[in-house]
Amino acid sequence: MDKDPKLRPLYLAQILYERTDEDHYLTTAQLMEILEKEYGITEMPVFAMNEYGKPFLSGHTDIWFNISHSQKTVVCAVADRPVGVDIQDIRPLNMRVGEKFMTEAEEAAVKSITDPDELNRELCRLWCIKESYGKMTGKGFGEGFKKVETDRLIAENRVSVTERG
């Protein structure tokens, strides 16, 4: 692989693996595996946080990472540009929750969904897009999720959505 940092693609650490009680250790191990393989970093880096609480590798301004976990799964992304990742187990939600983070257009579209399973899937999908985008910008919830237009992000290839199961 070309070691020019401008050409490095996004890496998802083994993409997903089953979660255990040792998640912190396993996630750190996955991150370190990628850092060693792709960046030659063999020592544990110093972690710091930005003003919004997003962790970063102190002294490595060309390496970005993000981690997410659900009840069953953990994902770690590493890239040469800001990156955010979110993973959710699809679970029952209600519209009151969605109203707190959806744009008016998203809310109107979601209200037309009559199947409860499809409604839960769409609410989780919208949340994942918005949360991963907030993690990518480093602002998290401070991004103002009601202003984040998921259709625009997808159309501009600023996010990618993968569903499993």
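**Architecture and confidence of the predicted model**

Of the contacts in the protein chain with a separation of 6 or more, 52% are accounted for by residues 24 or more positions apart. The structure examined here is a predicted model. Its protein chain holds five helices and six strands, and these follow one another along the sequence in the pattern β-β-α-β-β-β-β-α-α-α-α. Of the 165 residues in the protein chain, 39% are buried. The accessible surface of the chain amounts to about 10,200 Å², and carbon and sulfur atoms contribute 52% of that area.

The mean pLDDT of the protein chain is 79, with 83% of the residues at 70 or more. Confidence is highest in helix α3 (residues 104–111), at a mean of 91, and lowest in strand β1 (residues 11–12), where the mean is 43. Over residues 1–17 the pLDDT is below 50; this stretch nevertheless has 51 contacts in the model beyond near neighbours in sequence. Where pLDDT is low, predicted coordinates should not be read in detail.

The largest nonpolar core comprises eleven residues, namely Leu31, Met32, Ile34, Leu35, Tyr39, Ile41, Leu57, Ile63, Phe65, Cys76 and Val78. Two or more residues of this core come from each of the elements α1 (23–39) and β6 (73–79). The greatest contribution is that of α1, which supplies five residues. Apart from this core lies another, made up of eight residues, including Val110, Leu119, Leu126 and Phe145.

Strand β6, which contributes to the eleven-residue core, pairs with strand β5 (residues 64–69) in the antiparallel sense over six bridges. The two strands, β5 and β6, form a hairpin with three residues between them. Within this pairing, phenylalanine 65 has valine 78 of β6 as its bridge partner, while isoleucine 67 stands opposite cysteine 76 in β6. Phenylalanine 65 and valine 78 are both listed among the members of the largest nonpolar core. When neighbours within four places in sequence are left aside, phenylalanine 65 is in contact with Leu31, Phe47, Lys54, Pro55, Phe56, Leu57, Ala77, Val78 and Val83.

In a regular strand the side chains alternate between the two faces of the sheet. In β6 both faces are covered: Thr73, Val75, Ala77 and Ala79 are buried on one side, and Val74, Cys76 and Val78 are buried on the other. Because seven of the seven residues of β6 are buried, the strand is largely enclosed by the rest of the structure. Cysteine 76 has a relative accessible area of 1%, and it is therefore buried, the limit being under 20%.

A search of the whole structure finds zero disulfides. For cysteine 124, the closest cysteine sulfur is that of cysteine 128; the two sulfur atoms are 6.5 Å apart and therefore too far from each other for a bond, as a disulfide requires sulfur atoms within 2.5 Å. Cysteine 124 counts as buried, at 5% relative accessibility.

Two further positions, valine 148 and asparagine 157, concern the segments on either side of α5 (150–155). Valine 148 is placed in the loop between α4 (116–137) and α5. With a relative accessibility of 4%, valine 148 counts as buried. Not counting residues up to four places away in sequence, valine 148 touches Thr103, Glu106, Lys130, Tyr133, Glu143 and Leu153. The C-alpha atom of valine 148 is separated by 9.8 Å from that of glutamate 131, a residue 17 positions away along the chain.

Asparagine 157 lies in the segment after α5. Although asparagine 157 is not a glycine, its phi is positive, at about 55°. Its relative accessibility is 68%, so asparagine 157 counts as exposed, the limit being over 50%.

Terms used
Residues are numbered from 1 along each chain as its sequence is written. This is a predicted model: local features need pLDDT of at least 70, side-chain atom pairs count only at pLDDT 80 or more; totals for chains, interfaces and linings use all residues. Side-chain values use heavy atoms; hydrogens and water are left out. A nonpolar core is a set of buried Ala, Val, Leu, Ile, Met, Phe, Trp, Tyr and Cys residues joined through side-chain atoms within 4.5 Å. Buried means under 20% relative accessible area, exposed over 50%, partly exposed in between (1.4 Å probe, protein chains only). Helices (H or I, at least four residues) and strands (E, at least two) are DSSP runs, numbered from the N terminus. Contact means heavy atoms within 4.5 Å. pLDDT is the predictor's confidence in each residue, from 0 to 100. Accessible areas come from the Shrake-Rupley method with a 1.4 Å probe; for residues, only the protein chains shown count as cover. Two strands pair if DSSP finds at least two bridges between them.
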